[in-house]
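Trainee: I keep meeting labels in structure notes and I never know what earns them. Can we go through some, one at a time?

Mentor: Gladly. Ask what stands behind each label, and set the value against the cut-off.

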Amino acid sequence: MGTSVQVTPLCGVYNENPLSYLVSIDNFNFLVDCGWNDHFDPSLLEPLSRVASKIDAVLLSYPDTLHLGALPYAMSHLGLSAPIYSTEPVFRLGLLTMYDQYLSRKAVSDFDLFTLDDVDSAFLSITRLTYSQNHHLSGKGEGIVIAPHVAGHLLGGTVWKITKDGEDVIYAVDFNHRKERHLNGIVAESFVRPAVLITEAYNALSNQPPRQKRDREFLDGIVRTLEGGGNVLLPVDTAGRALELILILEEFWAQRNLGYDIFFLTYVASSTIDYVKSFLEWMGDSIAKSFETSRNNAFQLKRVKLLINKMDLDNAPIGPKVVLASMASLEAGFSHDIFVEWASDVRNLVLFTERGQFGTLARMLQADPPPKAVKVTMSKRVPLVGDELVAYEEEQKRLKKEEELKASLLKQEEARASYGPDNTSDPMVIDTTNSHAPPDVAGSRGGGYRDILIDGFVPPSTSVAPMFPFYENNTEWDDFGEVVNPDDYVIKDEDMNQTTLHVGGDIDGKLDEAAASFILDTKPSKVVSNELTVQVKCSLIYMDFEGRSDGRSIKSIIARVAPLKLVLVHGSAEATEHLKQHCLNHVCAHVYAPQIEETVDVTSDLCAYKVQLSEQLMSNVLFKKLGEYEVAWIDAVAGKTENHDMLTLLPTVSKPPPPHKSVLVGDLKMADLKQFLASKGVQVEFAGGGALRCGEYVTLRKVGVASQKGGGSGIQQIVIEGPLCEDYYKIREYLYSQFYLL
């Protein structure tokens with residue numbers, strides 16, 4: 001039997017709810033994504049709460065709320081304590097996303113589901129990996145290898161590849177095959193015939209227009225509104241798709257030399273851009289190449305102004321402007337307040353670039369036709385004054401006294417327990433039951449309660465009399481004085497991370513000024529709310545800038561990957577059933593679409609065995625190093641060993657092994673061969689069609705494909721063309737030397 005694999009959705013199937021799935025591989029439990037929605041509804045996390053303590057590792061795919069929003073709450077309230085893995089951008093930008101979420105809600109409500117300390121603690125548990133880095137788990141996960149791969153969609157976005165005993169489990173959701181201004185797309189060729197593919201049906205029924213057409217309509221709509229004297233609001237996420245929109249606007253404003261203001265408004269706007277500037281190696285090829293050649297950083301913004309306070313926006317010059325503000329759902333944040341202010345003006349435009357989450361104000365406004373009026377709640381935090389302030393201070397004093405009393409009682413209980421029944425006279429102990437006792441009986445231990453004269457000193461129950469602790473000084477000395485241990489003065493990485501995380505911020509470890517002042521503001525305050533009916537007279541437009549592959553592309557990619565078994569998650573019921581039927585008819589016979597907390601067993605039908613190579617066999621094997629590996633051809637028979645769980649390969653003794661065709665092992669690139677031949681003095685250059693012209697008469701040409709549809713390795717051949725001459729044989733020998741002949 002192959003590697004045991006079970007998949008159990010905890011959230012996000014047959015709907016568009018946040019993503020969270022339990023993937024068990026040989027009883028090692030992965031929590032893949034830990035998302036929450038913008039309502040922060042605890043009921044969504046009930047399935048997670050039932051398995052949180054059993055999780056062995058957490059894998060995070062993207063730095064947005066839908067993929068990691070529940071992480072702080074799960075670790076502080078649900079008992080999740082497993083190690084967490086992500087890429088560096090997911091770690092940094094995810095942290096800023098959760099800071100922005102917390103600050104946006106704390107400003108308008110008594111939000112208490114998690115604190116900034118909970119956010120810091122959760123993200124300190126993250127181990128950061130680079131793309132294609134194989135990370136070998138240890139302990140219970142011995143033998144399991146995890147590796148993040150490029151997914152597109154968001155900066156640092158990840159397709160997770162989990163490997164055990166040669167079988168791959170691929171988790172690929174929200175991926176994008178298209179190259180964008182700041183991101184590369186998914187490389188489907190990295191995943192060939194996996195045992196299990198877990199993917200989504202979110203966009204299975206949608207088709208996207210050409211990118212150029214979409215961008216042109218997007219920019220034309222914005223410019224038309226500005227020229228008409230209106231403002232444009234783009235509700236965006238904190239540090240995800242907003243980055244692509246910023247580059248589009250920055251580039252277009254530079255080309256047209258437009259004078260309208262563009263603002264990016266979140267509590268962590270400047271910190272976000274500061275981090276993004278340092279993540280160029282995680283971005284698309286064009287951005288990296290531009291920086292290498294001209295030292296031009298695409299996120300060194302010249303047209304887009306960064307704001308961290310709505311007061312700064314209110315004080316901006318009067319006139320048409322474009323504002324990208326969080327949150328995309330309009331449930332909280334600066335975008336909510338700006339919408340309420342601008343909705344009643346027919347000249348203004350609210351441009352949605354992603355589908356609103358179910359049940360949010362953004363989703364309501366994206367209906368066709370949109371509502372003419374909506375009810376909203378406007379809230380703000382105001383300082384306490386007058387009688388309310390006095391009452392608050394008295395309550396705080398009362399709570400402080402209660403805490404001090406509890407601490408005192410606890411200390412007394414600990415002291416009483418440490419004394420135990422002991423009648424030994426102690427001159428440093430008094431009897432508190434008789435405050436008028438004469439000095440000569442003050443040390444009597446009778447039946448009264450005793451206290452210690454020296455605060456903080458509790459003698460052990462076995463001691464005859466109290467004694468201050470004595471610590472022997474074992475300091476080492478040499479000819480120059482006391483020996484100093486340098487490690488005592490080194491600041492640990494986790495301490496540095498804690499310092500940076502706790503103030504939430506930019507590369508210098510400083511949080512945006514407005515956010516920092518909000519966190520440090522300890523003045524007593526309360527939230528004042530009132531309901532309003534907002535007349536929606538402004539224009540409302542939705543354009544798809546989500547950065548996900550559409551239905552046709554998803555089907556093509558799944559067919560190219562050609563998994564043995566397929567699990568569909570995250571998508572409406574209609575989209576899920578549509579994609580399931582398509583894949584059953586065109587991709588594979590095993591397609592699953594489980595419900596919440598329904599476990600599907602997708603264990604491979606292939607049989608894998610661990611075998612032991614005997615000493616007799618290995619003594620006659622000749623290995624050749626090939627890259628990071630050593631390879632050899634062996635002929636052997638399987639036999640039993642003392643360990644009944646493992647087979648042993650033994651040399652064939654009874655008869656010689658049958659002959660086999662020669663096998664050339666290696667993966668030769670024509671560019672590498674060109675350099676090698678040039679180093680040997682051969683005049684070589686590329687001709688048409690990728691052929692390599694060697695000298696005057698010989699040509700090398702690679703034919704075949706690297707991999708064929710349906711998986712497996714394709715057949716590739718290198719053909720040598722030319723007359724049988726000295727150059728022909730010499731180049732053939734050079735070619736053979738690049739392979740290992742088995």
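Trainee: Why is Arg128 called partly exposed?

Mentor: This is a predicted model, so keep that in mind throughout. Arg128 has a relative accessible area of 28%. Buried means under 20% and exposed means over 50%. The value falls in between, so Arg128 is partly exposed.

Trainee: What makes Glu88 and Arg128 a salt bridge?

Mentor: Their closest N and O atoms are 3.0 Å apart. The cut-off is within 4 Å, from a side-chain nitrogen of Lys or Arg to a carboxyl oxygen of Asp or Glu. The pair meets it, so the name holds. Glu88 sits in helix α4 (residues 88–106) and Arg128 in strand β6 (residues 126–129), so the bridge ties together parts 40 residues apart in sequence.

Trainee: How many salt bridges does a search of the whole structure find?

Mentor: The search finds 28. Another one joins the side chains of Arg50 and Glu597, at 2.9 Å from N to O.

Trainee: Why does the Arg50 and Glu597 pair tie together parts of the chain?

Mentor: Look at where each partner lies. Arg50 is in the loop between α1 (46–49) and β4 (57–59), and Glu597 is in the loop between β25 (591–592) and β26 (600–601), so the tied parts are 547 residues apart in sequence. Arg50 is partly exposed at 46% relative accessibility. Glu597 is partly exposed too, at 39%.

Trainee: Are Asp285 and Lys179 partly exposed or exposed, and how do you know?

Mentor: Use the 50% line. Asp285 has 43%, so it is partly exposed. Lys179 has 54%, so it counts as exposed. Their side chains meet in a salt bridge of 3.4 Å, N to O. Asp285 is in helix α9 (residues 285–294), and Lys179 is in the loop between β10 (167–172) and β11 (196–200), 106 residues away.

Trainee: Which residues are joined into one network by salt bridges that share partners?

Mentor: Arg181, Arg211, Arg214, Asp215, Glu244 and Glu251.

Trainee: How do you know that His149 is buried?

Mentor: His149 has 12% relative accessibility. That is under 20%, so buried is the right word. His149 belongs to strand β8 (residues 144–150). Leaving aside neighbours within four places in sequence, its contacts include Tyr131, Thr158 and Phe191.

Trainee: What makes a contact a contact?

Mentor: Heavy atoms within 4.5 Å. By that rule Phe114 is in contact with Trp36, Phe40, Pro72, Tyr73, Met98, Tyr102 and Val119, again leaving aside neighbours within four places.

Trainee: Which members of the largest nonpolar core touch the most other members?

Mentor: Phe114, Phe218, Val322, Leu324 and Phe339, out of 111 residues. Another core lies apart from it, with 57 residues, among them Ala57, Ile162, Tyr171 and Val600. In soluble globular proteins, nonpolar side chains tend to be buried together.

Trainee: What makes a space a cavity?

Mentor: A 1.4 Å probe fits but cannot get out. The structure holds 6 cavities of 30 Å³ or more. The largest has about 410 Å³ of space. Of its 27 lining residues, Asp64, Leu66, Asp237, Glu354 and Gln357 are the closest to the centre. By class, the lining has 8 nonpolar, 10 polar and 9 charged residues.

Trainee: Why is the phi of Leu330 worth a remark?

Mentor: Most residues other than glycine have a negative phi, and most peptide bonds are trans. Phi of Leu330 is near 65°, a positive value in a residue other than glycine. Leu330 has a relative accessible area of 0%, so it is buried. Ala562 also has a positive phi, near 55°. Ala562 is buried as well, at 5%, and lies in the loop between α16 (551–561) and β24 (565–569).

Trainee: Which residues does a cis peptide bond join?

Mentor: One cis bond joins Ser326 and Met327, with omega about 15°. Another runs from Asp368 to Pro369, with omega near 0°. Met327 lies in the loop between β15 (321–325) and α11 (334–342), and Leu330 is found in the loop between β15 and α11 too. Pro369 is in the loop between α12 (361–365) and β17 (373–383).

Definitions and conventions:
Residues are numbered from 1 along each chain as its sequence is written. This is a predicted model: local features need pLDDT of at least 70, side-chain atom pairs count only at pLDDT 80 or more; totals for chains, interfaces and linings use all residues. Side-chain values use heavy atoms; hydrogens and water are left out. Helices (H or I, at least four residues) and strands (E, at least two) are DSSP runs, numbered from the N terminus. Buried means under 20% relative accessible area, exposed over 50%, partly exposed in between (1.4 Å probe, protein chains only). A nonpolar core is a set of buried Ala, Val, Leu, Ile, Met, Phe, Trp, Tyr and Cys residues joined through side-chain atoms within 4.5 Å. On a 1 Å grid over the protein atoms alone, a cavity is a set of points where a 1.4 Å probe fits but cannot get out, and a pocket is an open set with protein on both sides within 12 Å along at least five of seven lines; lining residues have an atom within 4 Å of a point. Grid points are joined across faces, edges and corners, and a volume is the space filled by probe spheres set on the points. Ala, Val, Leu, Ile, Met, Phe, Trp, Tyr, Cys and Pro count as nonpolar, Asp, Glu, Lys and Arg as charged, and the others, Gly among them, as polar.
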